[in-house]
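Reader: I should like to learn how the empty spaces and the bound ligand of a protein model are read. May we take the features one at a time?

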Amino acid sequence: MRNLILFGPPGAGKGTQSAFLVGHYNLVHLSTGDIFRANIKGETELGKLAKSYMDQGQLVPDDVTIQMLESEVDKHSQAAGFIFDGFPRTTAQAGALDSFLEGRGETISSMLALEVPEKELRSRLMARAATSGRTDDADPNVIQKRIDVYNAETAPVSDHYRAAGKYKGIDGVGSIEDITLRLMAAIGD
Ligand code: AMP
C-alpha cells in the first residue's frame, strides 16, 4: 500500500492537490476537515461537537478525531492506499496513526509537506472565503488562530516523520499544475 500524508498549514493547498493525486495513484482521500464538515451538514452529534472547535480555529480533541479517522480507514479495506489530508495534526495523532497502521501490517510511505509563507496563506484563505462558504475562512481572527495552532501544535508533527526519514518538503508556491508535478516527482511512480 501507498500511504501518504499531505501536510502543511491551512491554505497550503492540501485539498486541491489531494484531488489530483487520488486519481493519479488510485488512492482513497481522507480529509478530517471534510469529514467534520459533512457531519456538521448532517447535523450529527459529532458535527455539533466539531463545529464548536472549528468555529474558533481550534483543534477538535484528539480522542474524537483519532476514533473517527480509524473508522474511516476501516471502511476501505480494499484500498490501494490513502492520502491523509489534515491528519495527523498533533504528535498524539501521529503516534496513534503509526500504531493503528502497524497493527494492520502497514506504514506511512512518506509525508509530503507543502511549504508556503504565512503572508501568502493569509491572502489565499481570505480569497477562498468568497467561494468556500467556510465560516473559518471568513474571519481574519479565526484564520490567525488556525495559523498559530498550526505553528504550536501541528508543525512539530513533521519532526516525527523527519526522524523516520519520511519527510519530503515541497515548495507550495506556484501554479497548481507545477505543484502537482513537484509532488508527483517526490512520490515517484
Ligand atoms: P481543514 O479542512 O483541514 O482546514 O480543517 C478545518 C478544521 O477542522 C480545523 O481548523 C480543525 O478545527 C478541524 N480539524 C480538521 N482536522 C483535524 C485534526 N486532524 N485534528 C483536530 N482538528 C481537526
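Author: What follows treats the pockets, the ligand and two features of the backbone. Please keep in mind that this is a predicted model.

Reader: Let us begin with empty space. What volume does the largest pocket have, and which residues lie nearest its centre?

Author: The general idea is that rolling a probe the size of a water molecule over the atoms shows where empty space is left. In this structure, the largest pocket has a volume of about 960 Å³. Its lining consists of 48 residues, and those nearest the centre are Lys-14, Arg-89, Arg-128, Arg-134 and Arg-146.

Reader: Which element gives the most residues to that lining, and how do the lining residues divide by class?

Author: Helix α2 (residues 32-41) gives the most, with five residues. Among the other elements that each supply at least two are β1 (2-7), α1 (14-25), β2 (28-31) and α6 (118-132). By class, the lining comprises 18 nonpolar, 20 polar and ten charged residues.

Reader: Where does the ligand sit, and which residues come nearest to it?

Author: The ligand sits in the largest pocket. There are 16 residues around the ligand, and Thr-32, Arg-37, Gln-58, Gly-86 and Gln-93 come nearest. The shell is made up of five nonpolar, six polar and five charged residues. Helix α2 supplies the largest share of this shell, namely four residues.

Reader: Which side chains have a polar atom at a short listed distance from a nitrogen atom of the ligand?

Author: For a polar contact, the pair of N or O atoms must lie within 3.5 Å. Thr-32 has a polar side-chain atom 2.8 Å from a nitrogen atom of the ligand. For Gln-93, the distance from a side-chain N or O atom to a ligand nitrogen is 2.9 Å. For Arg-89, the corresponding distance is 3.0 Å. As to cover, the ligand taken alone exposes 480 Å², and the protein buries 96% of that.

Reader: How much space lies in the second largest pocket, and which residues line it?

Author: The second largest pocket holds about 200 Å³ of space. Its lining includes Arg-37, Ile-40, Lys-41, Lys-51, Asp-55 and Arg-134. The elements that give two or more residues to this lining are α2, α3 (45-54) and α7 (135-138). Here too α2 gives the most, with three residues. The classes are two nonpolar, three polar and six charged residues. Two residues deserve a second look: Arg-37 is among those that come nearest the ligand and also lines the second largest pocket. Arg-134 lies among the residues nearest the centre of the largest pocket and lines the second largest pocket as well.

Reader: Let us turn to the backbone. Which residues does a cis peptide bond join, and which residue has a positive phi although it is not a glycine?

Author: In general, most residues other than glycine have a negative phi, and most peptide bonds are trans. Here, a cis peptide bond joins Phe-87 and Pro-88, with omega at about -5 degrees. Pro-88 belongs to the loop between β3 (81-85) and α5 (91-102). The residue with the positive phi is Asn-26, at about 55 degrees. Asn-26 is placed in the loop between α1 and β2.

Methods
Residues numbered from 1 in each chain as written. Predicted model: local features only at pLDDT ≥ 70, side-chain atom pairs only at ≥ 80, totals over all residues. Heavy atoms only, no water. Near = heavy atom within 4 Å. Polar contact = N/O pair within 3.5 Å; in protein donor to acceptor, adjacent residues only side chain to side chain. Areas by Shrake-Rupley, 256 points an atom, 1.4 Å probe, with all protein chains shown as cover. 1 Å grid on protein atoms, 1.4 Å probe; cavity = no way out; pocket = protein on both sides within 12 Å on 5 of 7 lines; lining within 4 Å. Sits in = over half its atoms within 2 Å of the grid points. Nonpolar A, V, L, I, M, F, W, Y, C, P; charged D, E, K, R; others polar. Points joined across faces, edges and corners; volume = space filled by probe spheres on them.
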